[in-house]
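Biologist: I am new to reading protein models, and I would like to learn on one small part. Could you take me through a close look at one piece, step by step?

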Amino acid sequence: ASAPRPCGGQQGSLSVWAMAVILREPWTIERFLSWEDRQETRHEFDGTRILEMTGGSRAHQRIVLNLAHLLMSRLDATRFDVLQEMRIASGGKVRYPDVAVCHGPVPDGTKTLQDALVLFEVLSPDTAVTDRGEKRADYAGLPGLRHYVLVEQDQRAAVVLTRTAEGWTEAPPATGSEVALPALGLTLDLNAIYAGTAVPVQRRA
């Protein structure tokens, strides 16, 4: 994911102390979305803080583009929609997954997703802990979510979490040639995900 950072400045019911946003009163998702729609930059809302999103690296952007292209080229556009960095609300929080696959097509006027079938986050040093922890828990609140995929940025590897009745099950990291997504009925070529980057090809022992 692109790195979030605490917002600066002071506005309305926001107070800033030591680069952290303190909400003077609880905010609902609706209030946050109304506020964010008036901002020039994107923000996440973790239920207690508003975090400004910063830009990702060139490798991050390339991997996100590759994922979206691969998915759009393989999925039936009358049944699925592939969306990049579109906000999604779940459990009183608002996040921006790098790529989302939804039952679709999603109406053109939609600004905020309420559910998804598969979500992807491209890990970075600044976001890996949040992506593996807080967002994993946040996304579990989406009723239709079947896979949560964590894609490494500094090595060719991806972890697919699949939701079952007992919770998340985590497959061993995909470091070979394919990333399996049973809920979509397809596999993605791991090397194609990293096409156009300098991320080294995994060497088998």
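**Rings and strands**

Modeller: Let's start with the rings: Trp-27, Phe-32, Trp-35 and Phe-45 form one aromatic cluster. Rings of Phe, Tyr and Trp (its six-membered ring) count as a pair if their centres lie within 6.5 Å; planes under 30 degrees apart are called stacked, over 60 edge-to-face, and the rest tilted.

Before going further, please keep in mind that this is a predicted model, where local features need pLDDT of at least 70 and side-chain atom pairs count only at pLDDT 80 or more, while totals for chains, interfaces and linings use all residues. Residues are numbered from 1 along each chain as its sequence is written, and side-chain values use heavy atoms, leaving out hydrogens and water.

Searching the whole structure gives five aromatic pairs. One of them joins Trp-27 and Trp-35, which meet edge-to-face with 6.1 Å from centre to centre and 65 degrees between the planes. Trp-27 and Trp-35 are both buried (buried means under 20% relative accessible area, exposed over 50%, and partly exposed in between, with a 1.4 Å probe and protein chains only).

Another pair brings us to the part I would like to show you closely. The ring centres of Tyr-148 and Trp-168 are 6.3 Å apart and their planes make 45 degrees, so this pair is tilted. Tyr-148 belongs to strand E11 and Trp-168 to strand E13, so the pair ties together parts that are 20 residues apart in sequence. Strands (E, at least two residues) and helices (H or I, at least four) are DSSP runs, numbered from the N terminus. Tyr-148 counts as buried because its relative accessibility is 0%, and Trp-168 counts as buried at 18%. Over the face of Trp-168 lies Arg-163, 5.9 Å from the ring centre. For a charge to sit over a ring, NZ of Lys or CZ of Arg must be within 6 Å of the ring centre and within 35 degrees of the ring normal.

Now look at how the strands here fit together. E11 and E12 pair in the antiparallel sense over five bridges, where pairing requires that DSSP finds at least two bridges between two strands. Six residues separate E11 and E12, which form a hairpin, and Val-149 stands opposite Val-160 in E12. On to the next partner: E12 runs antiparallel to strand E13 (residues 167-170), joined by four bridges. These two, E12 and E13, also form a hairpin, with two residues between them, and Leu-161 stands opposite Glu-170 in E13. Strand E12 (residues 158-164) has five of its seven residues buried, so it is largely enclosed by the rest of the structure.

Finally, which residue could we follow through this neighbourhood? My choice is His-147, which has its place in strand E11 (residues 147-151). With 2% relative accessibility, His-147 counts as buried. The side chains of His-147 and Thr-162 are joined by a polar contact of 3.0 Å (a pair of N or O atoms within 3.5 Å; within protein, one must be able to donate a hydrogen and the other to accept it, and residues adjacent in sequence count only if both atoms are side-chain atoms). Neighbours within four places in sequence aside, the residues in contact with His-147 include Val-160, Leu-161, Thr-162 and Trp-168, contact meaning heavy atoms within 4.5 Å. Trp-168, the ring partner of Tyr-148, is thus a good place to rest your eye.
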